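User: Could you walk me through how to read a few features of a structure, one at a time? I'd like the general idea and then the case at hand.

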Amino acid sequence: IKEKIADDYWEKFIMPFAAYGFNKSHSFCYGLLSYQTAYLKANFPHEFMLSYLNVELGQKKWERIEILEKECQRMGIKISSRNINVSKEEYSMRMKRDLSGEICLFVPPLYCKGITAEAVYDICRNQPFKDLKDFAFKTSKSSVDIESLQALVDNGYFPGVEDVVSKFENYREYFIKSKKRGVSGLDLFG
């Protein structure tokens, strides 16, 4: 092909297509995805928001999760208070009955800023806990450390319990000493 013909072809056909072809194909896909997302959010709001929260949780986008929880509240989706005995690894949905009928309730996960996956799995494996002493006894010292506990306290997983960290440390210390003493350290009369 002569250079002049190739240049003309390039200028008349390739460049104009490049100006809109790439953008047009992408804009069509984004438009379709936006339509599908809007449809799911409008027609299946609970399932959509639950999935969206869990995706962001998996990527540990804590600021985005706060925004999504506020969006849930705006949409009328109730999120239960954080609870060390009920929360699991991900957001979950529970149906609850009250005087007004059936309510969909989201249960927040144990994951929060400052807690490791190992600690979350250890806590979930040992639920439920009777009290803080039981929590200190059942969870592993290597996975649920003071930093993990402080993250849970800061995020509201121990409401109404005063001085959680120092009590937890005292319980752990007591259990370690008890293990070292073994059966010979037991005293029947006090």
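**Reading a loop, its helices and their salt bridges**

Analyst: Happy to. Let's begin at Thr 139, which sits in the loop that links helix 5 (132–138) to helix 6. Keep in mind that this is a predicted model.

User: Is Thr 139 buried or exposed?

Analyst: Relative accessibility is the number to read, with buried meaning under 20%. Thr 139 has 5%, so this residue counts as buried.

User: Which polar partners does the side chain of Thr 139 have?

Analyst: There are two to look at. A polar atom of the Thr 139 side chain lies 2.7 Å from the backbone oxygen of Phe 135. The Thr 139 side chain also makes a polar contact with the side chain of Arg 172, again at 2.7 Å.

User: Leaving aside neighbours within four places in sequence, what is Thr 139 in contact with?

Analyst: The list is Asp 122, Ile 123, Asn 126, Phe 129, Val 144, Phe 168 and Arg 172. Asp 122, Ile 123 and Asn 126 are also among the buried residues of helix 4 (residues 117–126). The buried residues of that helix pack against helix 5 and helix 6.

User: Let's move into helix 6. What does Leu 149 touch there, beyond residues up to four places away in sequence?

Analyst: Leu 149 belongs to helix 6 (residues 146–154), and with 0% relative accessibility it counts as buried. Its contacts are Phe 135, Phe 158, Val 164, Val 165 and Phe 168. For Phe 168, compare sequence with space: the two residues are 19 apart along the chain, while their C-alpha atoms are 8.6 Å apart.

User: How should I read salt bridges? How many does a search of the whole structure find?

Analyst: The search finds 7. For each one, check the N to O distance, then where the partners sit. Glu 71 and Lys 41 form one, with their closest N and O atoms 2.9 Å apart. Glu 71 is in helix 3 (residues 62–74) and Lys 41 in helix 1, so this pair ties together parts 30 residues apart in sequence. Glu 71 is buried at 18% relative accessibility, whereas Lys 41 is partly exposed at 30%.

User: What about bridges inside a single helix?

Analyst: The general idea comes from helix geometry. An α-helix has 3.6 residues a turn, so residues three or four places apart point the same way. Here, Glu 71 also forms a salt bridge with Arg 74, at 2.7 Å between the closest N and O atoms. Both residues lie in helix 3, 3 residues apart, or about one turn. Arg 74 is exposed, with a relative accessible area of 60%.

Helix 5 offers another example: the side chains of Asp 134 and Lys 138 meet in a salt bridge at 3.3 Å, N to O. They are 4 residues apart, about one helical turn. Asp 134 counts as buried at 11%, and Lys 138 is partly exposed at 32%. Back with the earlier pairs, salt bridges with shared partners join Lys 41, Glu 71 and Arg 74 into one network.

User: One last feature: which residues form the nonpolar patch on the surface?

Analyst: The patch is made of Tyr 9, Trp 10, Phe 13, Ile 14 and Met 15, with about 530 Å² of accessible area together. Met 15 is in helix 1 (residues 3–43) and counts as partly exposed, at 39% relative accessibility.

Note on methods. Residues are numbered from 1 along each chain as its sequence is written. This is a predicted model: local features need pLDDT of at least 70, side-chain atom pairs count only at pLDDT 80 or more; totals for chains, interfaces and linings use all residues. Side-chain values use heavy atoms; hydrogens and water are left out. Patches are made of residues with over 30% relative accessible area and no salt bridge: like charges are joined within 9 Å, nonpolar side chains (Val, Leu, Ile, Met, Phe, Trp, Tyr) within 5 Å. Accessible areas come from the Shrake-Rupley method with a 1.4 Å probe; for residues, only the protein chains shown count as cover. A salt bridge is a side-chain nitrogen of Lys or Arg within 4 Å of a carboxyl oxygen of Asp or Glu. Helices (H or I, at least four residues) and strands (E, at least two) are DSSP runs, numbered from the N terminus. Buried means under 20% relative accessible area, exposed over 50%, partly exposed in between (1.4 Å probe, protein chains only). Contact means heavy atoms within 4.5 Å. A polar contact is a pair of N or O atoms within 3.5 Å; within protein, one must be able to donate a hydrogen and the other to accept it, and residues adjacent in sequence count only if both atoms are side-chain atoms.
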